[in-house]
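Visitor: Could you walk me through this structure and tell me how the labels are earned?
Guide: Gladly; let us look together.

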Amino acid sequence: MTLEIGTTSLPHVRWNAETELRKAHMRDVGQIHTLIKYWAERGFMLVRSHEHLQENLRDFFVLEDQDGNIVGSGALHLLSDQIAEVRGLAIHPDRQGQGLGRWLVLAAEREARDLGLPQVFAWTLQVKFFLSLGYSVTSREYLPDTVASECGVCPFFDNCRETAVVKPLNALQ
């Protein structure tokens, strides 16, 4: 049985399967791509090509269940020595509401903190989720120019529905 809306379908996964957080491997690219494409087709995120995922694989964390399914993905993309973006956050629809998105965001924040970055940000349609994790809404103008340069290549640049959220990082958190 599969979930089907649009052209991308996902296999059903067990809601209670044990799950491990780890850095993504090359063998995960297909499942990450399918998960992101599933949500992109529904208007919740930008689609990412296989090539983009391969080129940026080191940015990604995944949640893999005990059956070998990737049930979540998220990335920390460095933009400067002052800021990184939390991006590519996607959770399998069968596993929503279990804190998996929070787990991925906290992993990205931990990596940013370990790298010595003072803050992270995200573009999101899920503002309440990020606010619950200590982020605050900000304006595009507050973010560094490197963020704006990436926005310029986005297909939704002229009609952006996403909200920018930012979080300062404390080395002791």
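Visitor: What is the phi of Gly116, just after H3?
Guide: Gly116 takes a positive phi of about 85 degrees there. This is a predicted model, where local features need pLDDT of at least 70, side-chain atom pairs count only at pLDDT 80 or more, and totals for chains, interfaces and linings use all residues. Residues are numbered from 1 along each chain as its sequence is written, and side-chain values use heavy atoms, with hydrogens and water left out.

Visitor: How do you know that the span of H3 agrees with its number of residues?
Guide: Helices (H or I, at least four residues) and strands (E, at least two) are DSSP runs, numbered from the N terminus. The expected span of a helix is 1.5 Å times one less than its number of residues. The 15 residues of H3 should therefore span 21 Å, and its end C-alpha atoms are 21 Å apart, which agrees.

Visitor: Why is Glu109 called buried?
Guide: Buried means under 20% relative accessible area, exposed over 50%, and partly exposed in between (1.4 Å probe, protein chains only). Glu109 has a relative accessible area of 2%, so Glu109 is buried. Other buried residues in H3 include Leu100, Leu104 and Val105.

Visitor: What makes Lys167 and Glu109 a salt bridge?
Guide: A salt bridge is a side-chain nitrogen of Lys or Arg within 4 Å of a carboxyl oxygen of Asp or Glu. For Lys167 and Glu109 the N to O value is 3.0 Å, and their side chains do meet in a salt bridge. The pair links distant parts of the chain, Lys167 in strand E9 (residues 163-168) and Glu109 in helix H3, 58 residues apart. Lys167 is also buried, because its relative accessible area is 9%.

Visitor: How many salt bridges does a search of the whole structure find?
Guide: Seven. One of them joins Asp67 and Arg14, whose closest N and O atoms are 2.9 Å apart. Asp67 lies in the loop between E4 and strand E5 (70-78) and Arg14 in the loop between strand E2 (8-11) and strand E3 (19-23), so this pair ties together parts 53 residues apart in sequence. Arg22, Asp28 and Glu64 are linked in a network of salt bridges.

Visitor: Why does Lys23 count as partly exposed?
Guide: Its relative accessibility is 30%, so Lys23 counts as partly exposed. Glu111 forms a salt bridge with Lys23, with the closest N and O atoms 3.4 Å apart. Glu111 is in helix H3 and Lys23 in strand E3, 88 residues apart.

Visitor: What is the nearest side chain of opposite charge to Asp59, and how far away?
Guide: Arg87, at 5.2 Å; Asp59 is buried yet has no salt bridge. Lys and Arg count as positive and Asp and Glu as negative, while His and the chain ends are not counted. Asp59 is found in the loop between helix H2 (50-55) and strand E4 (60-65). Contact means heavy atoms within 4.5 Å. Leaving aside neighbours within four places in sequence, the contacts of Asp59 include Lys23 and Leu76.

Visitor: What makes a nonpolar core?
Guide: A nonpolar core is a set of buried Ala, Val, Leu, Ile, Met, Phe, Trp, Tyr and Cys residues joined through side-chain atoms within 4.5 Å. The largest has 23 residues, and Leu76 and Val120 are among those with the most contacts inside it. H3 gives the most to this core, with six residues. A second, separate core of 17 residues includes Ala24, Trp39, Met45 and Leu53.
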